[in-house]
Each structure stands twice: as structure tokens, then as C-alpha cells.
Amino acid sequence: MNKRAANGSGGGEGCGLLERLPNSIINEILGKLELETLCSAACVSRTLRSSASQVLSSLTTLDLSSFSPDVQTLEHILHRCSALKRVTVDCLRLGDSSVRSFLGEQIEELNLLKGSSLSYQVLFSIGRKCPNLRVLVVELAGWDVPKIFTRCFMHMLNRCSYLESLCIKIRGSELDASGFRSSVLSVPNTVKVLKLQPLLIEDAIGFINDLPYGRNALNDSFDLSIPFYPLSPRFTLQKLSLVVDAMLRAAAAKDLTNSGLQRLGSCQHLIALSLIRSKLNCQVYFKAVNDMGMFLLSESCKGLQAVRLGGFSKVSDAGFAAILHSCRNLKKFEVRNASLISDLAFLNGALPSLVDMKLWSCSLITSESVNELASSSDLEVLDLSGCRSIADSCLSRVTSLHRLTTLNIGGSDITDGGLAIIGRGNSPITHLCLSCCKRVTDKGIALLFSGGGKIREKLLALDVGYIPGISDKAISLLLNLLQVLQNSVLGIAILCIGLSVKSYELLKKPFFSGLKWLGVGRTQLTSKGMAIFTEIREERPWLTLCLGGCEMGCHDGWQFHRADCYQEGLS
């Protein structure tokens, strides 16, 4: 049998092995593939190309959140998908017209993420074209005036009368914090999940103060993140998340207090609580809440499974420990910018079986806390970004966790010796952040992949940004090791002053074949390598190239990117 017949590309002769299989079997197999793999399979033969087209035309769910498609790529994919009901798209490189192209009455779930160049008019279009929408998630940058948002948002609410889940997040503008105030009353009474961000602090406090003291204040379980408006009796909310994100400075009389946390205790079915206070480029705090508020909350809401607390500068170890020890079903615990939390919060008593633990910029946390946290054998995510006192001594315990997939030790005091420990560990780490670890050098990168541990096979994303000891040698070593291991890193951040333009050449094809996100920062060296970046982008249309110094995936700075910047070689 010749090769053309064997691979199913026999030019219509019908004698290939693939042609002998029923189309239903081929379609069922291809239907289980991810989009990128499906597109690759379509290039193998005419039979697979025909079957891939059939699979795409029958898809009801499409998820394009793992990369940022440009206009051409999106059109190429979507024109084959005529039966979509649930769509998720990373909109970092898209405008309003691209989104409008796939809206329609058949859409029941729509997730538009990182919409840095989407205008508020897209909400108007959603209301006009998607009357049967059940689930809506939209992330927008606050470039337009609030009045336009209010008008478009109200129109969408009035037209989408079947909504069950609504999440609108606006970043980049404090002015839009007041945009939800009048429109929330028009939310359909079918809504059970409501998440709106950002909010004014006085609105958030107003809602909490209006919570009734009663066992049945809200039906079922729900996720509450500082809400701002009194609930109407017509709502049967199960999840509510209204986050105070960007806000104006509030007077002390309008700040969240212990009494406010006590009122949250009236929601006895509360399973997830997020209280985050933040302001762009400025640290702000809840200064009227102390340990007593946490005691009251922990006694009333013992069923909490997820807790996120940010900006509680007056809460000490005792307050945070009360949450940890009272909520025995706790799976996710996150604390940000807590200047008083220390090792004592984790050393007094058994901890719950945590799955996701994040301690951001908690300067008093040391390796002792990490050793204690490593006793949670179910831990999958450990994020210790900005905890400067964490050293190599705790990494042996951490890398013995058999379920740990995400480890962020950015800004810590680890050394090359610590990377050697990680390289020998048994944790199946897929995402590793070493950003701002000033004691790490090229040698440490080599040790990370030469220790024989699981990380050399499992790693998908690596952040080595802002490390002065990283040079071209580290990038070359990384490339050689990945080629030997046949590993395919999907994301890499290399914002390092020790790199030369020559190192950027290593990022071109055929190297790093699976790369989907690349962060290189905006430095003088970057401007010298702009021609290389342009070539890289042309070679990889699915690659997101970030020159803005964002964290991995642009999760922290997508609102500052504009789609037109990508056409100019900027981001």
C-alpha cells in the first residue's frame, strides 16, 4: 500500500484507511479534540479536513480563551461554526465589529474576556441580537463616559429578560464606579448570579447596612463580594459579587466597619466571600475593621468555602486565624496587602484542607508558614507573590505536594539552590512564577530542568521577568532542554535587563513551538528588537506578544492594551 493511500490523502481514490472508517466514528474522535489540535488534524488529509469542517459546523460550545485571536483568525474559525450556543472569546485583539459578527438569537452563554478595545456599545448590540441569553460575562476597559455605559447597560437588561447569570467588569476608570447605581434595579428577576465591578464605597456600605438580621435573608448559597444596593424582594439570588475595585477616597463615616461584617452574618448560606479594597497605583485599606469584625464573621458564616480578603490593615493573626479555624469546609483562602498577618496565623491549630492558597504582599510571612501550609496535601495552587521573607528552606515540603500545579514565589528570597530543589520535586507544576527573584541566575534555570523531577515534563508557563541575573544563556539553556524533553511551553515572560537582542532570535520558529503568550516588557532593548517581534508575530498569528510589562497572560493589565496597537507592533 502506498503512502498516499495509507494516510488517507489518496486524491479521492477512496482506498485510504481513513476513508474506510465511518464518518460518524471519525467525527466523534475529532469532536473530543481541542480547537488547535482539531485544526492541525484538518491539515493531514482531505478526509480529516472534511470531517473537521463537519465537527466545527455542529459545535454548540466554543472556547477561545487560551489565546488572543486576531480578527482574521476569529473570522476563519467562526464562519464554520453555525450552531454555537455558548461562546468564550479572549477579546484582547478584537473590536466591536468582530464581536457583533457572531452574536445572534441562538446564543445562550457569552463570555467576552479582556475587552480592552470594546466600547460600551457592545452591550447595546448584545441586547439587540441576543434576546435568549442566559449567561453573560463581559470585561471592558473604562474608556467611554459613564452615561454611555448606563444607556447601553439598561438597554441590554431590558432586552435580555431570561438572564440567569450576569457579570460585568470594568477596569481602567474610577468614574465608572457609579455606573451601576441606577441600572441595578432593572436587572431581570430571573438573575441568580450577579457580579458587577467596580463600585463606590458608599454604595457598597449602603447595601451591607441594609441587610436584614434574619436566617433567610437570601435564598440558597451565594457568593458575596461587597455589594452596594439593597436587594429587591423579587430577586432569588444565589450568587452575588459586587466588588469595590477602583473607588474614590471615602470618609471614615462611610467606611466598612465591624458592624458591617456582622450584618453579613445574617446570610447564613454564604459559601464564598470576597472583600477586596483597591485603587489603581495606590494601596488603600479598610481601616475601620479589626480582629473583632473577623471574629463576628467567622462565627456567623462557618459554611464558607472560599474567602478573599484584601486591604485589611488593622486585622492581625488572630482575626485571620479565626476564619481559618472556624470555616472547616474552606478550600480557597486569599489575603492581599495585610501588613499584620504573620506565621502565627497558621501555626496555632490544624488548618482546613485547602486547595487554593494565596498570600499577596504579606511581608511578615516566612518559610515557617509555608511549611505549615504544605501540610494540606490537597493543595493545587500556592501563590506567595511579594512575600519577601520566603527562602529555600521551605521548598522541599512544597515540592512534595502531589497535586500542586501552580507555584508563584515571585519577589521571594529564593536562590539557585531553591530552584534545584524544585527541579527534583514530585509536584506536577505547570505554572511557575519567579518574577523579581533577585538571587536567581542562569545557573538556577539550568538546575530547574536538570533535576529529574516532574516539572521538566509538566511545565507550561514560566515567568522569569525582572531578574537581573538572567541572561541569554538562560534562554538558550531553556530552549535546548525543552527540545530534548519535547516539552511545549505555552507562556513565557522574560522582562530581564541581562538579555540581548540575540536572545530574541531564539523565540522565532521553529523554537518554542507551542508558545501562545510572550511578555518582553518595554525597554530600550525592546525597541532595538522590534523588527524581530514583528517577524515573530507574523509567524505566529495565535501568539499574544506583550510589551507592556504585564504579568503572565496580561491578567493584570489587559485594560491598557488596545487592539490597534497590535497592528503597530505595540501592546
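This note goes through the confidence of a predicted model and then through some of its salt bridges.

1. Confidence of the chain as a whole. The structure is a predicted model, and its protein chain has a mean pLDDT of 79, with 77% of the residues reaching 70 or more. By element, confidence is highest in strand S13 (residues 381–383), at a mean of 97, and lowest in strand S7 (residues 222–224), where the mean is 37.

2. Stretches to read with care. Over residues 213–238 the pLDDT stays under 50, although the model has 101 contacts beyond four places in sequence for this stretch. A further stretch, residues 245–252, also stays under 50, and for these residues the model has 24 contacts beyond four places in sequence.

3. Salt bridges in general. Side chains of opposite charge can pair when their charged atoms come close. A search of the whole structure finds 8 salt bridges, among them the pairs taken up in the points below.

4. Asp90 and Lys114. The side chains of Asp90 and Lys114 meet in a salt bridge, with 3.5 Å from N to O. This pair links distant parts of the chain, since Asp90 belongs to strand S2 (residues 86–90) and Lys114 to strand S3 (residues 109–115), 24 residues apart. Asp90 counts as buried because its relative accessible area is 2%, and Lys114 is likewise buried because its relative accessible area is 10%, the cut-off for this word being under 20%.

5. Arg308 and Glu334. Another salt bridge is formed by the side chains of Arg308 and Glu334, at 3.4 Å from N to O. Here too the pair links distant parts of the chain, with Arg308 in strand S10 (residues 306–310) and Glu334 in strand S11 (residues 332–336), 26 residues apart. Glu334 is buried, because its relative accessible area is 6%, whereas Arg308, with a relative accessible area of 29%, is partly exposed.

6. Glu334 and Arg336. Glu334 also forms a salt bridge with Arg336, and the closest N and O atoms of these two residues are 2.5 Å apart. Salt bridges that share partners thus join Arg308, Glu334 and Arg336 into one network. Within this network, Arg336 and Glu334 are both buried, while Arg308 is partly exposed.

7. Points to keep in mind. A reader new to the structure may wish to keep apart the stretches at residues 213–238 and residues 245–252, where pLDDT stays under 50, and the salt bridges described above, including the one between Asp90 and Lys114 and the network of Arg308, Glu334 and Arg336.

How values were computed. Residues are numbered from 1 along each chain as its sequence is written. This is a predicted model: local features need pLDDT of at least 70, side-chain atom pairs count only at pLDDT 80 or more; totals for chains, interfaces and linings use all residues. Side-chain values use heavy atoms; hydrogens and water are left out. A salt bridge is a side-chain nitrogen of Lys or Arg within 4 Å of a carboxyl oxygen of Asp or Glu. Helices (H or I, at least four residues) and strands (E, at least two) are DSSP runs, numbered from the N terminus. Buried means under 20% relative accessible area, exposed over 50%, partly exposed in between (1.4 Å probe, protein chains only). pLDDT is the predictor's confidence in each residue, from 0 to 100. Contact means heavy atoms within 4.5 Å.
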